[in-house]
Amino acid sequence: MCWLNDNASAVQAICSVFGIVGLGFYCWLTYGIRKASVAQQKAAQGPMIMFSFDKDEKYWMIKNYGVGPATKVWWKPGERNDKSPDWYDLGAIAPGDFSDLPHHGRPEESHLIDMCAGGARIHYSDMADNHYATWGIWKDDAFNQEWGAIGRNSRLGTC
């Protein structure tokens with residue numbers, strides 16, 4: 001017992017180091033749980049809008065293939081994310097719902113018959129205000145699309 005009394009400060013220092021390491025490990029695990037919870041929330045409420053061609057009616061539209069509603073939906077011709085006057089506000093799209101693609105070049109018709117040669121881009125949000133984009137471009141006679149989350153500041157066309 002004399003040894004413990006003689007080395008009490010060293011034992012306390014070692015216990016403090018183990019406590020700090022344990023706290024760091026606990027924080028790391030809690031951060032992982034937080035990331036998983038956010039990913040689960042996005043997956044449970046996330047919209048996914050893609051361009052779709054209606055073979056019967058022969059025109060392009062967009063469809064929400066996700067499980068949550070898409071809000072603040074904007075689209076424009078051209079797959080690049082640039083500041084252009086060609087952004088069009090579509091409002092909101094429910095899961096499984098379609099929307100036509102209006103364009104100022106054809107005000108009497110709301111259908112997009114031919115997809116733009118430079119592709120097209122859509123920006124939208126989910127109910128938790130997470131922002132997403134879908135963009136597509138022609139390559140080898142196929143319209144290839146990509147989808148992903150974007151930052152709030154990289155969202156253009158919603159002024």
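1. Two strands are taken to pair if DSSP finds at least two bridges between them. In this predicted model, strand β1 (residues 49-54) satisfies that rule with strand β2 (residues 59-64), the two running antiparallel and being joined by six bridges. Within this pairing, I49 stands opposite N64 in β2.

2. The connection between β1 and β2 is a hairpin with four residues between the strands, and K58, which belongs to the turn, has a positive phi of about 65°. As for the surroundings of β1, five of its six residues are buried, so the strand is largely enclosed by the rest of the structure.

3. The aromatic side chains deserve a separate point, since a pair of aromatic rings is described by the distance of the centres and the angle of the planes. The count comes to nine aromatic pairs. One of them is formed by F51 and F143, in an edge-to-face arrangement with 5.6 Å from centre to centre and 90° between the planes. This pair links distant parts of the chain, given that F51 is in strand β1 and F143 in strand β8 (residues 142-150), 92 residues apart. Both F51 and F143 are buried, and both belong to one aromatic cluster that also contains F53, W60 and W138.

4. A further contact with an aromatic ring involves a charge: the charged end of K76 sits over the ring of W87, at 5.9 Å from the ring centre. The cut-off for such a contact is 6 Å from the ring centre, and the computed value for K76 and W87 is 5.9 Å.

5. Side chains of opposite charge can pair when their charged atoms come close. How many salt bridges does the count come to? The count comes to one salt bridge, in which the side chains of D129 and K72 meet with an N to O distance of 2.9 Å. D129 lies in the loop between β6 (120-125) and β7 (131-139), whereas K72 lies in strand β3 (residues 70-77), so the pair ties together parts that are 57 residues apart in sequence. D129 is partly exposed, with a relative accessible area of 24%, and K72 also counts as partly exposed, at 43% relative accessibility.

6. Finally, the surface carries a nonpolar patch made of F25, W28 and L29, which together have about 350 Å² of accessible area. W28 is found in helix α2 (residues 8-45), and W28 is exposed, with a relative accessible area of 57%, where the cut-off for exposed is over 50%.

Definitions and conventions
Residues are numbered from 1 along each chain as its sequence is written. This is a predicted model: local features need pLDDT of at least 70, side-chain atom pairs count only at pLDDT 80 or more; totals for chains, interfaces and linings use all residues. Side-chain values use heavy atoms; hydrogens and water are left out. Rings of Phe, Tyr and Trp (its six-membered ring) pair if their centres lie within 6.5 Å; planes under 30 degrees apart count as stacked, over 60 as edge-to-face and the rest as tilted. Buried means under 20% relative accessible area, exposed over 50%, partly exposed in between (1.4 Å probe, protein chains only). A charge sits over a ring if NZ of Lys or CZ of Arg is within 6 Å of the ring centre and within 35 degrees of the ring normal. A salt bridge is a side-chain nitrogen of Lys or Arg within 4 Å of a carboxyl oxygen of Asp or Glu. Patches are made of residues with over 30% relative accessible area and no salt bridge: like charges are joined within 9 Å, nonpolar side chains (Val, Leu, Ile, Met, Phe, Trp, Tyr) within 5 Å. Accessible areas come from the Shrake-Rupley method with a 1.4 Å probe; for residues, only the protein chains shown count as cover.
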